[in-house]
Amino acid sequence: MNAEMFREDEKKIPVAGEWDVVVVGGGPAGVGAAVAAARAGMKTLVIEQFNCLGGVATAGGHGHISNYEEHTSDGRRIAGGIANEIADRLVEMGVGARNPHAVDFEVEGLKLLLDRMAEEAGVEVLYHTFFCDSIVEDGVIGGIIIQNKTGRQAVYAKRVIDCTGDGDVAYHAGCDYEVGRPTDHKCQPVTLMFTIGGVDMERVNNFRKEYCESHKDEPAPWKLCGVYEKAVKDGNMRRFQTGNMGWWYTPTRPDWLGINFTHVIYIDTTKAEDLTRATIEARKQCYETIDVYRKYIPGMENIYMISTPNTIGLRESRRIMGAYKMTEEDIKSMARFDDTIAYGSFFVDIHAIDGPGMDPTQWHPPAKFKYQIPYRILVPNKIDNLWVAGRCVSCTHVALGSLRVMVPCIGMGQAAGLAAAQSIQNGTTARTVDINKLQADLKASGMILDEDDIATANHFTVNA
Ligand SMILES: Cc1cc2nc3c(=O)[nH]c(=O)nc-3n(C[C@H](O)[C@H](O)[C@H](O)COP(=O)(O)OP(=O)(O)OC[C@H]3O[C@@H](n4cnc5c(N)ncnc54)[C@H](O)[C@@H]3O)c2cc1C
């Protein structure tokens, strides 16, 4: 046997079937894509490696979807369609609380809701299944290869939408891609979320208020940076993080908190070895954090670990280059595009690449900030019948810092799903889709694409 390469024998594998639209990856973008394609009458299949839809929001244990409003404004809603439907339904189910900025929810509730939405739309879902290759002939994708307990199978598709976050399908189809920051291709750190119980929220909030009042000179006193500095000085914490990145509180679980605090740097999220190393290190950080909270934060003396999630949260990996590459200038100048398919409004949220805290490239926008997202960033170069939606779209490293949050990802997915359906109905490709018809149908399904849509959007149901 060759020491470096093993030659796998050529063999025939069964064909699982043929679908109109196959969506690979069932995260926020994949949910938007699959539900939109199925609602448009397409026979639709989602392939997902875990046991639930939702990606980072569920398997990644992150109970917070943002951004529904124009940034720091009076709550003018800029996000509609499936993203808005998810938020409304979480509240209706009694597992979520909404404010203009975001919806906070119980992760288990979102898993149930997304199963329901897929079932109602007629989406076929295949969990516990890993995408492993793309079937490409003459520059056209005709399906994918999957691997699961059943074995290895081919899945034929008229159209494929890559919602893997890492651009796995496009990468295996030979599309061009970029990774990380331009200087050395390093990506944002990864984070294992975790959920704690036994929090006395009133006392924690009082402590936080007093801390903010007495530390007014700190840039973001609500992050309690001084607490962690003291813990490090006392020898009770390694310096993996300098402040809270987020404490996600859901009123339906009043003594629970979802914690965004762990940070592992220099991870290549497309390598299983790196993901394993990151997960083991981040789990240590979770328990170290609980000890620090118990010691230093009044109201947290009796907290306990509820869960770490199925998977570590990835902020960045491959960005698949497409018909247009969205830039930080587009975002910061609040660009408008003729082929817009959704709005984004999140700040440029880049966690420090070389250490704890935030990166110098993070950017906080002015009031009333929002920008349009062009359809062309979903259309990869080289391969026909393929769309990319979510975290792996065609943009720069800095632009991704804003585009990567869940509301725009769901919106990009919805646009890709509908575009795939229309391209089958009209005999077009991703590149030649009738953009006016796509926009009209997106608007008809509740998406907000321009000022007229914003003006006529409903007010929020605010219960938090
Ligand atoms: C720690 C952290 C905190 C965040 N905080 C916020 C926040 O507060 N608000 C917000 O809105 N956003 C937040 N984000 C960003 C947001 O969650 C993600 O960018 C978003 O989920 C991306 O959506 P996606 O569908 O593109 O990818 P993902 O959510 O990563 O989903 C991809 C899906 O594809 C599946 N998949 C991947 N590869 C394969 C394969 N080969 N075979 C089968 N299945 C596969 C995965 O299992 C997953 O379900 C945060 C992200 C992280 C990591």
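So, which way does α10 pass α11, in a right-handed or a left-handed crossing? Keep that one in mind for a minute. One thing up front: this is a predicted model.

Okay, the helix pair. α10 passes α11 in a right-handed crossing. Helix α11 covers residues 435-444, and the two helices pack at an angle of about 125° with their axes 10 Å apart. That angle makes α10 oblique to α11, since it lies outside the 65 to 115 window for roughly perpendicular and isn't over 145 either. If you click through the contact, from the α10 side you'll find Ala 415, Leu 418, Ala 419 and Gln 422, and they meet Lys 437, Leu 438, Asp 441 and Leu 442 in α11. By class, that contact has five nonpolar residues, one polar and two charged.

Now stay on α10, because it has another partner. How close do the axes of α2 and α10 come? They come within 7 Å, and they cross at roughly 125°. α2 and α10 are therefore oblique to each other. Here Gly 81, Ile 82 and Ala 83 are the α2 residues, and they meet Val 407, Ile 410, Gly 411 and Gln 414 of α10. This contact divides into four nonpolar and three polar residues, with no charged ones.

And α2 in turn packs on α3. So α2 is residues 81-92, α3 is residues 107-121, and the angle between them is about 120°, with the axes 10 Å apart. Again, that makes α2 oblique to α3. The crossing of α2 and α3 is right-handed. On the α2 side the contact uses Ile 86, Arg 89 and Leu 90, and on the α3 side Gly 109, Leu 110 and Leu 113. The tally by class for α2 with α3 is four nonpolar, one polar and one charged.

Right, on to the ligand. How many residues surround it? The number is 39, and the closest are Gly 25, Gly 27, Gly 55, Gly 313 and Gly 390. Yes, every name on that list is a glycine. As for secondary structure, the elements giving two or more residues to the shell are α1 (28-39), β3 (64-66), β7 (130-137) and α10 (406-426). So α10 shows up here too, as one of those shell elements. The shell residues split into 16 nonpolar, 17 polar and six charged.

β3 takes us to the sheets. Three strands make an open, antiparallel sheet, in the order β3-β5-β4. Why do β3 and β4 each have one side without a neighbour in the sheet? Because they stand at the edges, β3 on one and β4 (96-98) on the other, each with a single partner strand. Neighbouring strands in this sheet are turned by 15° against each other on average, ignoring direction. If you want to look at one pairing, take β4 with β5, residues 102-105: antiparallel, over three bridges. In that pairing Arg 98 stands opposite Val 103 in β5.

While we're around β3, there's a cis peptide bond joining Ser 66 and Asn 67, with omega about 10°. Asn 67 sits in the loop between β3 and α2.

The other sheet has four strands. The order is β12-β13-β11-β14, open again, and antiparallel. Its edge strands, β12 (246-248) and β14 (304-307), each pair on one side only. The twist averages 35° from one strand to the next.

Walking across it: β12 pairs with β13, residues 257-260, in the antiparallel sense over three bridges, and Gly 246 has Asn 260 of β13 as its bridge partner. Then β11, residues 194-197, pairs antiparallel with β13, also over three bridges, and there Phe 194 is partnered by Ile 259. Finally, three bridges join β11 to β14, antiparallel once more, with Thr 195 facing Ser 307 as its bridge partner in β14.

One last oddity for anyone checking the backbone. Leu 224 has a positive phi of about 55°, although it is not a glycine. You'll find Leu 224 in the loop between α5 (201-214) and α6 (225-233).

That's my tour, thanks.

Conventions. Residues are numbered from 1 along each chain as its sequence is written. This is a predicted model: local features need pLDDT of at least 70, side-chain atom pairs count only at pLDDT 80 or more; totals for chains, interfaces and linings use all residues. A residue is near a molecule or strand if its C-beta atom, placed from the backbone, lies within 6 Å of it. Ala, Val, Leu, Ile, Met, Phe, Trp, Tyr, Cys and Pro count as nonpolar, Asp, Glu, Lys and Arg as charged, and the others, Gly among them, as polar. Two strands pair if DSSP finds at least two bridges between them. Axes are lines fitted to C-alpha atoms, for helices over the stretch in contact, and angles run from 0 to 180 degrees between N-to-C directions. Angles under 35 degrees count as roughly parallel, over 145 as roughly antiparallel, 65 to 115 as roughly perpendicular and the rest as oblique. A crossing is left-handed if the near helix is turned anticlockwise from the far one by less than a right angle, and right-handed if clockwise. Two residues are in contact if their C-beta atoms, placed from the backbone, lie within 7 Å.
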